[in-house]
Amino acid sequence: MLRLGTGIGWRPEIADAVEDMPGIDWVEAVAENVCPGHLPESLLRLRERGVTVVPHGVSLGLGGAERPDEERLAALAERAEALRSPLVTEHIAFVRAGGPMTASERLEAGHLLPVPRTRDALDVLCENVRIAQDALPVPLAVENIAALISWPGEEMTEGQFLYELADRTGVRLLIDVANLHTNHVNRGEDPARALDELPLEAIAYVHVAGGFERDGVWHDSHAHPVPRPVLDILADLASRVPPPGVLLERDENFPEAGELKGELDAVREAVARGGRGRPDTGRIAAKAEAGEAKPDTARATADAIRTDTIKRDATEVDTERADTAGAASGAGAGCAAGVRQRLALAQTAVLSALVAGTPVPDGFDRVRMGVQARALAAKRADVVAKVAPELPVILGARYRPAFLAYAQERPMTGGYRWDALEFAEHLLSAREPRDARARRALRDWWLERSGPAPRSHRPTVRLARATRRVLLRR
């Protein structure tokens, strides 16, 4: 088992602080923000002095109804090789829906959304994970996510779902204890029960992060200090098994280096506190290293879960389900098309309600769906401001209200950079902003970036650009 130690999420804003911080054994970088051919100098220096770098993907959508995109998988593999990483990680989530499978427009969430804990969704997830494993040059670990909403009609707890996933695919698990806390507050799920049910020997490493509570809803912000309840869950996990690695995540509102070091010290103390309460530490560590059975209580729980989950009452299984199970039992067999299509329709209905204003599907909490929709729009505005920082400068205080109004009418159908261009085009088509100087600056920005390459001075390109300018003035 790979022993990572204590790490921190590498972000450009804190790169210098991370390099200078003592006791950092490894870092994690958002895979989509790293270019293999132009690795940041900070990451190169860390890697050369022996610090492990792990790419952490956010856009595969392994829990989605479609098979993983080959280009995204190839990009993740390329980053793993460029960083000489011992593993890569992704999320148990869906991030897009729609498309040919549902005969509807493809929608992007711009965020990680929970998959239903049903057997259909598990079958699809397992096949998607296997596809990813086959395409990657190093082992894959997948992360449990935080959620504001719950799916109706779920058939498994989070622990049972993760146990089955790891058992059927051999995938490693990235356990985020902050997400366990989030789901405790938002969905009433017991973190201790989830830990009871997990295959602890499958844990690759652990995430720790902060958040905040507002109106009874916990927001996993990664922009606030780690609260005591999250550290307590980390200690509980460490009392069961020595975590191979623990990593502090911080994505926004970065504090001074001293405060980050204080948070890392608190993380280390929680792990040590849990370890002091772990019975027969040496025996359990040896079992985990060997990939053997879990401690007796966890083993009994896991065995009971597996028996309960796998056993199927034939009288409750319809013909299609039986056909699916028969097909899946064959070597290399994939999910039946009907299974993927059912999941596609369900996820499209949910995502459309969140980003396109369609009715909330039956069984979902409408208040929580509204909270999630507003959170998605706010994150979308924040990320567009990061990938296109000129927009908030050009628009000033008008940027955020203008973008949120745009987001209510225009769901995201591509990436964030494309979203920024469409937002600018939307404003210009409405002859916004009213200030002529700001509108001219916005038009120049849009023209500079709307083509496949920066501005050209060739006559034909200049003519095309002038034509677009005329059209935008109408």
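In this predicted model, the loop between strand 5 (94-99) and strand 6 (104-113) is home to Ala 103. Although Ala 103 is not a glycine, its phi is positive, at about 55 degrees. Ala 103 is also exposed, its relative accessible area being 75%, a value that lies over the 50% cut-off for that class.

A second residue with a positive phi is found in the loop between helix 17 and helix 18, where Arg 431 sits. Here too phi is about 55 degrees in a residue that is not a glycine. Arg 431 counts as partly exposed, with a relative accessibility of 38%, because that class covers values between 20% and 50%. The loop between helix 17 (416-429) and helix 18 (436-449) also holds Pro 433. The peptide bond that leads from Glu 432 into Pro 433 is cis, and its omega is near -5 degrees.

Attention turns next to the strands. Strand 4 (residues 88-91) is covered on both faces. Val 88 and Glu 90 are buried on one side, and Thr 89 and His 91 are buried on the other. This split follows a familiar pattern, as side chains in a regular strand alternate between the two faces of the sheet. Strand 4 pairs with strand 7 (residues 140-143) over four bridges, in the parallel sense. Within this pairing, Glu 90 has Val 142 of strand 7 as its bridge partner.

Helix 9 (residues 257-276) offers a simple check of geometry. At 1.5 Å a residue, its 20 residues should span 28 Å, and the C-alpha atoms at its ends are 29 Å apart, which agrees. Buried positions in helix 9 are Leu 260, Glu 263, Leu 264, Val 267, Ala 270, Gly 274 and Gly 275. These residues cover an arc of only 140 degrees around the axis, so they lie on the same side of helix 9. An α-helix has 3.6 residues a turn, so residues three or four places apart point the same way. On the other side of helix 9, Gly 258 and Arg 276 are exposed.

Finally, the nonpolar interior can be described. The largest nonpolar core comprises 88 residues, and those with the most contacts inside it are Ile 8, Val 27, Leu 43, Leu 140 and Leu 165. Leaving aside residues up to four places away in sequence, Val 27 touches Ile 8, Trp 10, Val 18, Leu 43, Leu 46, Val 51, Thr 52, Val 53, Val 54 and Leu 247. Apart from this core lies another, of 25 residues, which includes Ala 377, Ala 381, Leu 421 and Leu 442.

Terms used:
Residues numbered from 1 in each chain as written. Predicted model: local features only at pLDDT ≥ 70, side-chain atom pairs only at ≥ 80, totals over all residues. Heavy atoms only, no water. Core = buried A, V, L, I, M, F, W, Y, C linked by side-chain atoms within 4.5 Å. Buried < 20%, exposed > 50% of the residue type's maximum accessible area, 1.4 Å probe, protein only. Contact = heavy atoms within 4.5 Å. Helix = DSSP H or I, 4+ residues; strand = E, 2+ residues; numbered from the N terminus. Expected span 1.5 Å × (residues − 1). Arc of directions from axis to C-beta. Pairing = 2+ DSSP bridges.
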